[in-house]
Amino acid sequence: MRVVAAVLLVVVGAGRAGAADSCVACHTDLGDELAAPVSAMKADVHAKVGLSCADCHGGDPADPDTTAMDETKGFVGRPAPADIPVLCGRCHSDENFMRRYNPQLPTDQLAAFRTSVHGRRLAVGDTKVANCVSCHGVHGILAPSDARSPVHKMNVPTTCAHCHSDPAYMAGYGIPTDQLAKYQRSVHGQLLLVQRDVGAPACNDCHGNHGAFPPGADSVAMVCGQCHPINKELFLASPHRAAFHKLGLPECVACHGNHGVVRATDDMLGTTPTSVCIGCHAPDSKGYAAAARMRSSVDGLRQAIAAAEAAVGSATTAGMEMGEEEVALQSAREALIQVRNQVHTFDPVAVQKGANGATATARDVENSARAALVEFGNRRWLATIPLAMIALVGGLLYARIRALDRERRPPPS
Amino acid sequence: MNRVADWLDRRLHLRSVRDFLGHKLVPMHHHSIWYYLGGMTLFLFLVQVASGVLLLLYYRPAPESAFESIRFIVAHVPFGWLIRSVHAWAANLMVGAAFAHLFSVFFLKAYRPPRELTWMTGCVLMALTLAFGFSGYLLPWNELALFATKVGTDIVGATPLVGHWLRFVLRGGDDVTGATLTRFFGFHVALLPLLVTALLLVHFALVQVHGISQPIGASKSDRNMPFYPHFVLRELLVWLAVLAVLIGLATFMPWELGHKADPFASAPEGIRPEWYFTFMSQTLKYLPPTIAGMEGEHVGIIAFAMVALVLFVVPFLDRRAARDQPSLLVSLGGAVFLAFALTMTLLAYFRPY
């Protein structure tokens, strides 16, 4: 096959003397799989800035003959997987070079890759692990912002899952292969894949991309804290931090899970069967009592808000002006979010203190709305007074009109 | 009591006025009921003036305070909710009464000579009433008002040749902003009341000069009643009924304030102008982008302007009515337009898209 290709290249190349890029010219004429890279390169982000085959594969594109692919001309052919990171890094790690094309692009990818699990295993000869082209593709590499790119935010989960969800491929690594399935059901996955909210995290937002590494048990809060900074700060200052480290529990993940993290609800808190607290705290423990007290504070505020919302809704439906109550209610709703965050202090006094003020606000709103409903009822009763007076005056007027009409009517003959 | 009346009479000659009104006659026939619509519109205008003046005590016409000031009126000022609701309901009833008055005059052919000018001043008063409604709708500076005003001024902007300029003048800029609110407030409380009051006086003077029109075919020898006290008391009864309806509506169906306008928010669903403009906006929706080489909206606007113009000069076009002969063609034209406007309005509410 190689002999045939070489002969073809000689024949085709003979007629291509003087062509601008002999790689493109010959591979186009050869067709099929040998031409596929040429056609794929048309959309490649590198081709768009003037890079061509020889910039990665070496050789002499000005030479129309097969001698263009001579090793003496720097031809490297198809790079081995272990060599690819360095090959890409020749340009992507060179700040001066990259500045010419995209000054905003980082140039630490190769260094980061070498610290990653992928990079480390590749360095010791494991060629099954991901290298640059495994994720970015080859001959047709698109910018990550391009929705067709395998490393576009929306496509990252399936790109990682290409290897990580393949039990046969991952055999021997001792890690699960259900991450994608769990992620798709998680709150993050639902946001990104269903609601198409690109603000939601994909795999690389927690694990890193070029420096992909699973977070250790004592660094999970730092990872989750990238997006949930308040919860992180509260947790790190809480007594749970030291306790979790002592027990080797992976911080946030211990309660919320990792790939399958679901939307946190109040049911996770307290001492009910759905609570995560009772997994560690026995019924007669101090932590058990604290969990019950925190749940009670959160429930109290939530119920006060629900009652206020119902009353404001009724008053609004009746046509009463509830603008100021709506504003106060919104502040109570925001306080509920803060109180739910306060749970990460695991301090029932702090949680109750946060809830008390907002609960009072919600009750004030409810009372105000109920007062408005009472006033609405009163208005209806009071309206009967002028309406009755109008009816009375109208009746008198009508009687007067009839009397006047009778006066004007000629007497019957 | 008599001494007070005598004292006043010596200075104001009230008895002569009463005698004059007592000798003024109102025709009585089976269409007399329509005579009360003009007075009803006047009553609602007076309600608007009174409630508007009271609202002015608290209203602040600026984007950062307009909505808040009305919320304050509704929530904290004693009976503020009633005044505001009465003002909003009476505005709508007044437009309805004015339309009913205009079409009753149209179908009774009361525009016949020598009452052409009465009709024409009435038409201008109708337009000014609509301008009152349009300018007042924006003043609460709520979500619906902002976007409805955008739609309304966009329709004005589709007027051929001068549309862009007119829209710019109305808005006080390229978009509906605080500048629009300020000038709409100016129109609503200064310019329009001045124009309407002046024209109303002319309208009444003309009614006084020419007397009340009788339908075609009604004999001069038909029954009459004295304007005072017979007709005045009947009119007063109508006003009382309208007042009762107003109080009932304002109390049992208070006019909503909605949410404060946010010029940067996207338009909420179901935005439409006030009901009396919906037949126009709905018609424009159905028009194709181009008609005979012109923009569809431009053609629609020209068509409505032509209808308004025909209506304005109908006393000069309806030659049969001028000769006291029934003019079925004109009546048919009016009925077709009325049916069209009614259909479009219903479509706007029940099948907007």
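Why does Ala202(A) count as buried? Because its relative accessibility is 2%, and buried here means under 20% relative accessible area, with a 1.4 Å probe and protein chains only.

Before I go on, a word on the setup. This is a predicted model, so local features need pLDDT of at least 70 and side-chain atom pairs count only at pLDDT 80 or more, while totals for chains, interfaces and linings use all residues. Residues are numbered from 1 along each chain as its sequence is written, chains are lettered from A and ligands numbered from 1 in the order in which they are written, and side-chain values use heavy atoms, with hydrogens and water left out.

Okay, back to that alanine. Ala202(A) sits in the loop between helix H13 (187–194) and helix H14 (203–207) of chain A; helices are DSSP runs of H or I, at least four residues, numbered from the N terminus. Setting aside neighbours within four places in sequence, Ala202(A) has contacts (heavy atoms within 4.5 Å) with Lys153(A), Val156(A), Pro157(A), Tyr183(A) and Leu192(A). And Asn155(A), 47 residues away in sequence, is 8.8 Å from Ala202(A), C-alpha to C-alpha.

Now, the interface. On chain A, 22 residues are in contact with 22 residues of chain B. The two chains bury about 2,100 Å² between them, 73% of it on carbon and sulfur atoms; that's accessible area (1.4 Å probe) lost on putting the two parts together, summed over both.

How many salt bridges does the rule find across the interface of chain A and chain B? Just one, with the rule being a Lys or Arg side-chain nitrogen within 4 Å of a carboxyl oxygen of Asp or Glu. Arg234(B) pairs with Asp405(A), and the closest N and O atoms are 2.6 Å apart.

So which elements does chain A bring? Helix H20 (323–342) and helix H21 (348–408) each give two or more residues to the side that touches chain B, and H21(A) has the largest share, 17 residues.

Last bit: packing. A nonpolar core, for us, is a set of buried Ala, Val, Leu, Ile, Met, Phe, Trp, Tyr and Cys residues joined through side-chain atoms within 4.5 Å. The largest has 38 residues, and Tyr59(B), Tyr111(B), Trp119(B), Trp141(B) and Leu181(B) touch the most other members. Helices of chain B that supply at least two residues each include H5 (80–107) and H9 (178–210). Beyond four places in sequence, Tyr59(B) touches residues including Ile70(B), Leu139(B) and Phe185(B). There's also a second, separate core of 29 residues, with Ala311(A) and Ala355(A) among them.

Terms used
Buried < 20%, exposed > 50% of the residue type's maximum accessible area, 1.4 Å probe, protein only.
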